[in-house]
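Open the structure in your viewer and keep the selection tool handy. We will walk through it stop by stop, and at each one you will hear what to select and what is there.

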Amino acid sequence: MNQLEDMRLFVATVDAGNFTAAADRLGLSKQFVSKRLIALEARLGVRLLIRTTRTLRTTEAGQQYYEHASRLVQEVDGVEQAIARQNTAPRGRLRVSAPMTFGTLHLSPVIPRFLDAYPDVVLELELNDRTVDLVAEGFDIGVRIGVLPDSSLIANRVSLMEMVTCCSPAYLARRGAPARPEDLRQFDCLPYGHKRHVEWSFTVGGKPRLVAIAGRLCSNNGEVLRDAACAGLGYTHLPTFIVGDAIAQGRLVTVLDDYRPPVTGVHTVYPSHRQPSLAVRAFADFMRSSFAEPRQSVAVAKAAPASAARKSKPASRR
């Protein structure tokens, strides 16, 4: 037993008024408590307690020792509690990387709730559609869309995500619908990406198929392409978290539903060395709970059926 534990035993005994009650509070035997206090008096060379058959009281030296020991025990307990709170409450700076459109449409509304829940966290959110190297660029956690490449990053799925091909009802009525993914080459298309030639992914006969797409408007921002499609400029191929609301509102209709690529997901990813971080785990858990309920704009959205497409005239060139 160390000095602090002897102090704790002595203070508890004086507070309880007898050995039996003190032993019960501490979960120890009466004999053990009595033996330790006798050893304490021997070490100090003074008598601290006056024992009777029913009660005990402090000597003058014992009272002085009690006052100092009580204060020290309280201070030590306070320090330990403060440190324990630090280790159980996320705190510090958290750098987050996320895609631009997902960030503006879906992170922006929920970030205030995260900061309210964790007042000791300082959040730095960077929105960028390029694939960020989390380790090299000093990010704690990132949000990734679609199929994840093999890596050492720890991934947690936040929500499901589906790619759909869609256009405005006016464009569909004017130009008709493609019967197969390859027919898209006959239409105006609005490809997403940074390259001159973009490929859209479909499933044909249970196997993946890529179709090369070109168009007069190509952008690396999904909202730009969604709005262009709503304006009747052609077909676009985008995630449901971007076009889901427009589909639900009837501003866009889907085609090639039988050829949709497999459902993928929205994930949080972070390096393994960041796993012990309470702030990182809190953000990953918060994202998972925030998007747990299916929402058409984020999770798998069964887009409004393009019944008009199935009844429309065959595809034709302008």
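Start by selecting N221, which caps the N-terminal end of α7 in this predicted model. Show its side chain together with the backbone of E223: a side-chain oxygen of N221 lies 3.0 Å from the backbone nitrogen of E223.

Now select the helix itself, α7, residues 222-230. Which of its residues are buried? Colour G222, E223, L225, R226, A228 and A229, and you have them. To see what these buried residues pack against, add α5 (100-117), β7 (163-167), β8, β11 (235-239) and α8 to the view.

Just past the helix, click on G232, which follows α7. Its phi is positive, near 90 degrees.

Next, keep α7 on screen and bring up α8, residues 240-248. The axes of the two helices come within 10 Å and cross at roughly 25 degrees. An angle under 35 degrees counts as roughly parallel, so α7 and α8 are roughly parallel to each other. Their crossing is right-handed.

Zoom in on the place where the two helices touch. On the α7 side, select G222, E223, R226 and C230; on the α8 side, select I242, V243 and A246, which they meet. Sorted by class, this contact has four nonpolar, one polar and two charged residues. You will recognise G222, E223 and R226 from the buried set of α7.

Leave the helices for a moment and go to P178. You will find P178 in the loop between α6 (169-175) and β8 (189-190). Is P178 buried or exposed? The relative accessible area of P178 is 7%, and the cut-off for buried is under 20%, so P178 is buried.

What surrounds P178, leaving aside its neighbours within four places in sequence? Select D183, L184, F187, Y235, V255 and L256, which are in contact with P178. Try the distance tool on one of them, Y235: P178 and Y235 are 57 residues apart in sequence, yet 10.0 Å apart in space, C-alpha to C-alpha.

For the last stop, pick another of these contacts of P178, L256. L256 sits in the loop between β12 (253-255) and β13 (264-270). With a relative accessibility of 8%, L256 counts as buried too. Check its backbone as well: phi of L256 is near 55 degrees, a positive value in a residue other than glycine. Most residues other than glycine have a negative phi.

Notes: Residues are numbered from 1 along each chain as its sequence is written. This is a predicted model: local features need pLDDT of at least 70, side-chain atom pairs count only at pLDDT 80 or more; totals for chains, interfaces and linings use all residues. Side-chain values use heavy atoms; hydrogens and water are left out. Helices (H or I, at least four residues) and strands (E, at least two) are DSSP runs, numbered from the N terminus. Buried means under 20% relative accessible area, exposed over 50%, partly exposed in between (1.4 Å probe, protein chains only). Contact means heavy atoms within 4.5 Å. Axes are lines fitted to C-alpha atoms, for helices over the stretch in contact, and angles run from 0 to 180 degrees between N-to-C directions. Angles under 35 degrees count as roughly parallel, over 145 as roughly antiparallel, 65 to 115 as roughly perpendicular and the rest as oblique. A crossing is left-handed if the near helix is turned anticlockwise from the far one by less than a right angle, and right-handed if clockwise. Ala, Val, Leu, Ile, Met, Phe, Trp, Tyr, Cys and Pro count as nonpolar, Asp, Glu, Lys and Arg as charged, and the others, Gly among them, as polar. A polar contact is a pair of N or O atoms within 3.5 Å; within protein, one must be able to donate a hydrogen and the other to accept it, and residues adjacent in sequence count only if both atoms are side-chain atoms.
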